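The following exercises concern the packing of nonpolar side chains and the pairing of charged ones. Please examine the sequence and the structure before reading each solution.

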Amino acid sequence: MKSAIYPGSFDPMTLGHLDVIKRASKMFDQLTVSVLDNKAKNALFSVEERVSILKEATKDLPNVSVDSFSGLLVDYARQKDIHVSVRGLRAVTDFEYELQIAQTNRKLSNGALDTVFLTTSLEYAYLSSSSVKEIAAFHGDISQLVPDFVAKLVYKKYNSGSMED
């Protein structure tokens, strides 16, 4: 059985993330979407909330599970006995950053963890969690950027009331 990990902050999960999840789930027998618990970042949603959001968003994908981890991805992958990491690429700047991480992970894992890059679908090439948060903070419309239930949760966090509860 071929398994992969799709790690990330997912704060919040976007339609771009969901696109990568759906596409990767067709490539692997089992896909684990793993929320990174990064204490250095000031997250909008707790790890538990992000896991819950991802579980709801992927509930119709039977070969996708959702988990969380802290620390190094290579250690988490070793614990799970998974040897492939999936990453999405929006632009050349993403590639430079992600390539460095992929090479570091491969070195730290003694070659046991490879990275598969999926280019983002064109309709999501501009999309990032940071932009979603910025737009929502200024009471902008994020309905085309995240699933409806996620938009409601984001607006609730910002108490903007831009969408009906």
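**Exercise 1.** Which residues does leucine 54 touch, not counting residues up to four places away in sequence?

*Solution.* The model is a predicted one. Setting aside residues up to four places away in sequence, one finds that leucine 54 touches Phe10, Met13, Ile21, Val33, Val35 and Val66. Next, place leucine 54 in its wider setting: the largest nonpolar core has 37 residues, and Leu54 is among those that touch the most other members, together with Tyr6, Ile21, Leu31, Val33, Val86 and Ile142. Several elements each supply at least two residues of this core, including β1 (3-8), α2 (47-57) and α6 (148-158). A second, separate core has eight residues, among them Ile5, Phe69, Val74 and Ile82.

**Exercise 2.** Determine where the partners of the salt bridge between aspartate 11 and lysine 133 lie, and classify aspartate 11 as buried or exposed.

*Solution.* The two side chains meet at 3.2 Å, N to O. Aspartate 11 belongs to the loop between β1 and α1, whereas lysine 133 belongs to helix α5, 122 residues apart. Buried means under 20% relative accessible area; aspartate 11 has 6% and therefore counts as buried.

**Exercise 3.** Which parts of the chain does the salt bridge between arginine 87 and glutamate 98 tie together?

*Solution.* The side chains of arginine 87 and glutamate 98 meet at 2.8 Å, N to O. Arginine 87 lies in strand β4 and glutamate 98 in helix α4 (residues 92-108), so the bridge ties together parts that are 11 residues apart in sequence. Glutamate 98, at 6% relative accessibility, counts as buried.

Terms used. Residues numbered from 1 in each chain as written. Predicted model: local features only at pLDDT ≥ 70, side-chain atom pairs only at ≥ 80, totals over all residues. Heavy atoms only, no water. Core = buried A, V, L, I, M, F, W, Y, C linked by side-chain atoms within 4.5 Å. Buried < 20%, exposed > 50% of the residue type's maximum accessible area, 1.4 Å probe, protein only. Helix = DSSP H or I, 4+ residues; strand = E, 2+ residues; numbered from the N terminus. Contact = heavy atoms within 4.5 Å. Salt bridge = Lys/Arg side-chain N within 4 Å of Asp/Glu carboxyl O.
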